[in-house]
Every structure is written in structure tokens, then in C-alpha cells.
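Welcome! Open your viewer, turn on the cartoon display, and follow along one selection at a time.

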Amino acid sequence: MIEKRQHSRILVQDLHAEICVTESGTSQQSILQGSVVDMSNSGIKIKLLSPMPHTSPMSKISILLTNSNLSNPMTIKGMVRHISVNNECGVAFSNEVKSADIDEFLFECVRNIATN
């Protein structure tokens with residue numbers, strides 16, 4: 001199968017994700033926990049610890065990425081692209097996310113994997 005992705009996926013280890021879902025037009029929020037499966041410059045795949053609630057396409061998604069070995073956590077905004085039956089959630093980054101910030105964060109993640 002030929003990979004059609006514009007940005008390569010990078011496997012990361014021990015990267016925790018806290019996902020905050022805010023429903024459009026309300027202040028109702030859901031907080032979910034999970035671990036990052038992989039990430040690229042345009043999106044992220046997260047294995048959730050609990051099922052994703054039904055969300056509208058206009059829901060706001062904010063993801064806080066943390067790891068005990070990283071000096072700085074990262075917050076990413078985006079929109080849900082897909083949810084699989086095994087609670088893996090794909091999120092596309094919003095246009096607010098700067099590619100240079102993602103590159104720097106991914107570099108730090110990969111460097112920490114290599115040194116541990």
C-alpha cells in the first residue's frame with residue numbers, strides 16, 4: 001500500500017494526552033485521558049482510556065501533551081477526524097498550530113526516546 005500522507009507519522013513513547021472537548025455553543029466540556037500513538041505535522045492519533053463522547057463537527061478540541069522527560073508540555077487545538085472502535089482518535093491540527101512548534105516538540109520527543 002502506498003502512503004498518501006503529506007506528513008510522515010512519527011512514533012512517540014510515553015506521551016500522555018489530556019483532551020478537552022468543548023461542545024459548540026455551550027460551555028459543556030468533557031475531559032478525556034489517553035496516550036499518543038503517533039503524530040505528524042498535521043495531526044495526532046491518541047489511544048483513549050475511555051470512549052469519546054458524541055461530538056458535533058463544530059466542537060472545539062484542545063490537547064495537552066505531557067511527558068515526565070519533556071521540559072515543556074504542548075497544547076494543540078484541532079478537530080476530530082475519526083474515532084475507531086478500539087478508542088483510537090485521530091485529530092487534525094487547526095490552522096492555529098504552527099508547524100515549527102510541532103517540529104520542535106517532535107524533535108524533543110524523539111531525542112528523549114534516543115537518550116532513554
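A residue is called buried when its relative accessible area is under 20%, and exposed when that area is over 50%; anything in between is partly exposed. With that in hand, look at the whole protein chain: 38% of its 116 residues count as buried. Keep in mind that this is a predicted model.

**Stop 1: the whole chain**

Colour by secondary structure. You will find one helix and seven strands. Reading along the sequence, the order is β-β-β-β-β-β-β-α. Now switch on the surface: the accessible area comes to about 7400 Å², with 51% of it belonging to carbon and sulfur atoms. How much of the contact network joins residues at least 24 apart in sequence? Counting contacts between residues at least 6 apart, the share is 56%.

**Stop 2: strand S2 and its partners**

Select residues 16-22, which make up strand S2. Is this strand mostly covered or mostly open? Mostly covered: five of its seven residues are buried.

Next, add residues 29-39, strand S3. S2 and S3 run antiparallel and are joined by seven bridges. To see one of these pairings, select Thr22, whose bridge partner in S3 is Gln29. The two strands form a hairpin with six residues between them. In that turn, click on Gly25, which has a positive phi of about 80°.

S2 also pairs with S5, again in the antiparallel sense and over seven bridges. Select Ile19 to find an example: its bridge partner in S5 is Ile63.

**Stop 3: Ala17**

Stay in strand S2 and select Ala17. Is Ala17 buried or exposed? Its relative accessible area is 0%, so Ala17 is buried. Show the residues around Ala17, leaving out those up to four places away in sequence, and you will see that it touches Leu32, Gln33, Gly34, Val36, Ile46, Ile63, Leu64 and Leu65. Then try the distance tool on Ala17 and Lys47: they are 30 residues apart in sequence, and their C-alpha atoms are 8.9 Å apart in space.

**Stop 4: Pro73**

Move on to Pro73, in the loop between strand S5 (60-66) and strand S6 (74-83). Pro73 has a relative accessible area of 52%, so it counts as exposed. Even so, it has some company: beyond its neighbours within four places in sequence, Pro73 is in contact with Leu64, Leu65 and Thr66. You can also draw a line from Pro73 to Leu15, 58 residues away in sequence; C-alpha to C-alpha, they are 9.9 Å apart.

**Stop 5: strand S6 between two pairings**

Show S5 and S6 together. They run antiparallel and are joined by five bridges. Ile61 is a good one to click, since its bridge partner in S6 is Gly78.

Now bring in strand S7, residues 88-93. S6 and S7 are antiparallel too, with five bridges between them. Here, select Met79 and you will find it opposite Ala92 in S7.

Follow the chain from S6 to S7 and stop at Asn87, in the loop between these strands. S6 and S7 form a hairpin with four residues between the strands. What is unusual about the phi of Asn87? It is positive, about 65°, although Asn87 is not a glycine. Most residues other than glycine have a negative phi.

**Stop 6: the second largest pocket**

Now look for the second largest pocket, which has a volume of about 150 Å³. Ten residues line this pocket, and the closest to its centre are Ser59, Lys60, Gly78, Met79 and Ser94. Gly78 and Met79 are familiar from the strand pairings you have just visited. Both S5 and S6 supply at least two residues of the lining. Which strand gives the most? That is S6, with three residues. Colour the lining by residue type to see four nonpolar, three polar and three charged residues.

**Stop 7: Ser94**

For the last selection, pick Ser94 from that pocket lining. Ser94 sits in the loop between S7 and helix H1 (99-115). With a relative accessible area of 13%, it falls under the 20% limit and therefore counts as buried. Its contacts, apart from neighbours within four places in sequence, are Lys77, Gly78 and Met79.

How values were computed:
Residues numbered from 1 in each chain as written. Predicted model: local features only at pLDDT ≥ 70, side-chain atom pairs only at ≥ 80, totals over all residues. Heavy atoms only, no water. Buried < 20%, exposed > 50% of the residue type's maximum accessible area, 1.4 Å probe, protein only. Contact = heavy atoms within 4.5 Å. Areas by Shrake-Rupley, 256 points an atom, 1.4 Å probe, with all protein chains shown as cover. 1 Å grid on protein atoms, 1.4 Å probe; cavity = no way out; pocket = protein on both sides within 12 Å on 5 of 7 lines; lining within 4 Å. Points joined across faces, edges and corners; volume = space filled by probe spheres on them. Nonpolar A, V, L, I, M, F, W, Y, C, P; charged D, E, K, R; others polar. Pairing = 2+ DSSP bridges.
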